[in-house]
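Trainee: I am new to this structure and would love a close look at a single part of it. Could you pick one helix and walk me through it, with enough of the surroundings to keep me oriented?

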Amino acid sequence: MHLASKTLVVGLICAASAGAADMKKAARDWKSKCASCHGADGKGHTDQGKKMKLADLSSASWQKANTDAKIKEVIENGAKNGDAQMDGYKDKLSAEQIDALVSYVRSLKASSKAAKKKAAAL
Ligand code: HEC
């Protein structure tokens, strides 16, 4: 367990090596634009998220089933699940911001606790 959590930390640092500053900005974008529905930890346990029956983006199975390209496509063009709708962010965020958010969504898996701490530290 100890070794596993160390590996996770290393993984997080590697994921952030795309640019620590980008990840910090992505965390802010996540908090201001995405967390109201998906939750700070990506689990979707918000009032909105529960109503919309959002997938748990931090779960290993969700992370495995979704490619970076798919995540990017959803952020750019939005998604729909019955009546629940997510607007696309293509016109609201830069390509760099969207790429950083893809990495951020990935970091939700590595350790949702660390992601929460990161978000809280901003
Ligand atoms: C108004 C609420 C809302 C907001 C705000 C929102 N989403 Fe979504 N999101 C949804 C809904 C609804 C879906 C489609 C249902 C689902 O797939 O769980 C979705 C789906 C997704 C998916 C794909 C899930 C899947 O299983 O295919 C990703 C990734 C995602 N959102 C990321 C984001 C990011 C990143 C942001 C911020 C830039 C964001 N969302 C903002 C409601 C929202």
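Mentor: Happy to! Keep in mind that this is a predicted model, so let us begin with confidence. The average pLDDT over the protein chain is 86, and 75% of the residues score at least 70. Confidence is lowest in helix α1 (residues 2-16), with a mean of 59, while α5 has the highest, at 98.

Now for the overall layout. The protein chain holds seven helices and two strands. Starting at the N terminus, their order is α-α-α-α-α-β-β-α-α. Of its 122 residues, 22% count as buried. If you take the contacts between residues at least 6 apart in sequence, 60% of them join residues at least 24 apart.

The part I would choose is α2, which covers residues 20-38. Look along this helix and you will find a bend of about 50 degrees at Ser 32. The end-to-end distance is worth checking too: α2 has 19 residues, yet its end C-alpha atoms are only 23 Å apart, whereas a straight helix would reach 27 Å at 1.5 Å a residue. Several residues of α2 are buried, namely Met 23, Ala 26, Ala 27, Asp 29, Trp 30, Cys 34 and His 38. Just after the helix comes Gly 39, with a positive phi near 85 degrees.

From here we can turn to the ligand, which has 20 residues around it; the closest are Cys 34, Cys 37, Asn 81, Ala 84 and Met 86. Two or more residues of this shell come from each of α2, α3 (47-52), α5 (68-77), β1 (79-81), β2 (84-86) and α6 (95-110). The largest share, five residues, belongs to α2. Cys 34, then, is both one of the buried residues of α2 and among the residues closest to the ligand. By residue type, the shell is made up of 14 nonpolar residues, five polar ones and one charged.

For a contrast with the buried residues of α2, try Trp 62 in helix α4 (residues 60-65). Trp 62 counts as partly exposed because it has 15 C-beta neighbours inside 10 Å, and a buried residue needs 20 or more. Leaving out residues up to four places away in sequence, Trp 62 touches Ala 55, Asp 56 and Leu 57. Its C-alpha atom is also 9.1 Å from that of Lys 109, a residue 47 places away along the chain.

How values were computed:
Residues are numbered from 1 along each chain as its sequence is written. This is a predicted model: local features need pLDDT of at least 70, side-chain atom pairs count only at pLDDT 80 or more; totals for chains, interfaces and linings use all residues. A residue is near a molecule or strand if its C-beta atom, placed from the backbone, lies within 6 Å of it. Helices (H or I, at least four residues) and strands (E, at least two) are DSSP runs, numbered from the N terminus. Ala, Val, Leu, Ile, Met, Phe, Trp, Tyr, Cys and Pro count as nonpolar, Asp, Glu, Lys and Arg as charged, and the others, Gly among them, as polar. A residue is buried if 20 or more other C-beta atoms lie within 10 Å of its own, exposed if 12 or fewer, and partly exposed in between; C-beta atoms are placed from the backbone. Two residues are in contact if their C-beta atoms, placed from the backbone, lie within 7 Å. pLDDT is the predictor's confidence in each residue, from 0 to 100. The expected span of a helix is 1.5 Å times one less than its number of residues. The bend at a residue is the angle between axes fitted to the seven residues ending there and the seven starting there.
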